[in-house]
Amino acid sequence: MTFHRYVALGDSFTEGVGDPSPTAPNGWLGWADRVAGALAARTDDFAYANLAIRGRKLPAILAEQVEPAIALQPDLISIHGGGNDLLRPNIDIDALAAAYDEAIGRLAANGTHVMMFTVADPGLNSAIKVIRGRTAIFNEWIREIAEKHDATLVDTWRMRGWKVAEVMDVDRLHLNPVGHQNIAIAALDALGVEHDLQALPVVEASELTRREQRAVDIAWARDHLAPWVKRRITGRSSGDGVSPKYPVLTPLHPVG
C-alpha cells in the first residue's frame, strides 16, 4: 500500500514522548514519525501531520483533532486514545466507546483509511496494573469499532513479548526509543507496507537487590508519580501550553 498524506491523532503515545530527538519538533520523535518516514520512502509525493498532544483524554482528542484532520484530506489517519481516561477513578467506558465509534465513522466517511490501536496491557506494568480490567473492556470496544469501520488494528494489548524495563521510559508510562521503534514496525506490518525498519538493540535491565529496587521505586515516585498526582489534583495536564508538532501537512524525508 502507498499513502501520500498521513495524519496522526492522539496523546503522548503518538506525540512520541519517551523517544527524544534534538531535531524533532517538541523534542520527541516517536513511532508515528518513524512510520511517516517509512511511508515517505515509498513515494515522491508525501506529507505528514501530527496533531497529538501529551496528556489528552479521548474526548479532547476527538473534539480538538478530528475535524482539523478531516480538513487536511489525508488518505491515512492513525488514532490512539483512552489511556489517560482509564487512569481516572471515574469513567463511563460505554459512553467513551460510543463517542469513539462516531468519530471513527466520520474519519472513514470519505474513504480515508484509519488505523487504530488498543491500549497496551497494564498488567505488565506494576505502576498501572490496577486498571487492567477496565482496559480489557475498553479494548474489546476498540476491536469492535475497528471491525465495524474496516480500520487497520494494531493490537498492542497482545504484544507481551517485551520486558517493561526494556521498552519503557524511566517514567514507566511512556515508551522509550526501542518501544517506539517496535510500534512503528507493528503499524507498518499491520498496514501491509514494505519497509526497512529493524528492531533497535535492547539494553538489558540489570538485576537489582530488593534494597536497590526499593531505592529505584522511591526515586520514581518522587520524580514521576508525585508530579503526575499533583497535576491531577490541580486540574492541570502535561499537555498544557503544548502545540502539535506538525499541525499542517509537511513534506517529510525518510527516518532511519
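1. A good place to start is Trp31. Leaving aside residues up to four places away in sequence, Trp31 touches Tyr6, Phe13, Thr14, Ser78, Met115, Phe117, His180, Ile183 and Ala184. Please keep in mind as you look around that this is a predicted model.

2. Trp31 also belongs to a wider group. The largest nonpolar core has 32 residues, and Trp31, together with Tyr6, Leu39 and Tyr48, touches the most other members. At least two residues of this core come from each of strand 1 (5-9), helix 2, strand 4 (113-117) and helix 8. Which element gives the most to this core? That is helix 8, with eight residues.

3. There is another core to find as well. It lies apart from the largest one and has 27 residues, including Leu9, Val66, Leu96 and Ile104.

4. Next, have a look at strand 2, which spans residues 47-50. Are its faces covered or open? Both are covered: Ala47 and Ala49 are buried on one side, while Tyr48 and Asn50 are buried on the other. Tyr48 may ring a bell, as one of the residues that touch the most other members of the largest nonpolar core.

5. Strand 2 has partners too. Strand 1 and strand 2 run parallel and are joined by four bridges; here Arg5 stands opposite Ala47. With strand 6 (residues 246-251), strand 2 runs antiparallel, and three bridges join the two. In that pairing, Asn50 stands opposite Tyr246 of strand 6.

6. The loops deserve a visit as well. Ser21 sits in the loop between helix 1 (12-15) and helix 2 (31-40). Is Ser21 buried or exposed? Its relative accessible area is 13%, and because buried means under 20%, Ser21 counts as buried. Not counting residues up to four places away in sequence, Ser21 touches Gly27, Trp28 and Leu29.

7. A second loop residue to try is Leu197, found between helix 8 (177-191) and helix 9 (210-234). Leu197 is buried, with a relative accessible area of 10%. How far apart in space are Leu197 and Ile185? From C-alpha to C-alpha they are 6.4 Å apart, with a separation of twelve residues in sequence.

8. If you have time for one more look, return to helix 8. Its eight residues in the largest nonpolar core are the most that any element gives, and the loop that holds Leu197 lies between this helix and helix 9.

Terms used: Residues numbered from 1 in each chain as written. Predicted model: local features only at pLDDT ≥ 70, side-chain atom pairs only at ≥ 80, totals over all residues. Heavy atoms only, no water. Buried < 20%, exposed > 50% of the residue type's maximum accessible area, 1.4 Å probe, protein only. Contact = heavy atoms within 4.5 Å. Core = buried A, V, L, I, M, F, W, Y, C linked by side-chain atoms within 4.5 Å. Pairing = 2+ DSSP bridges.
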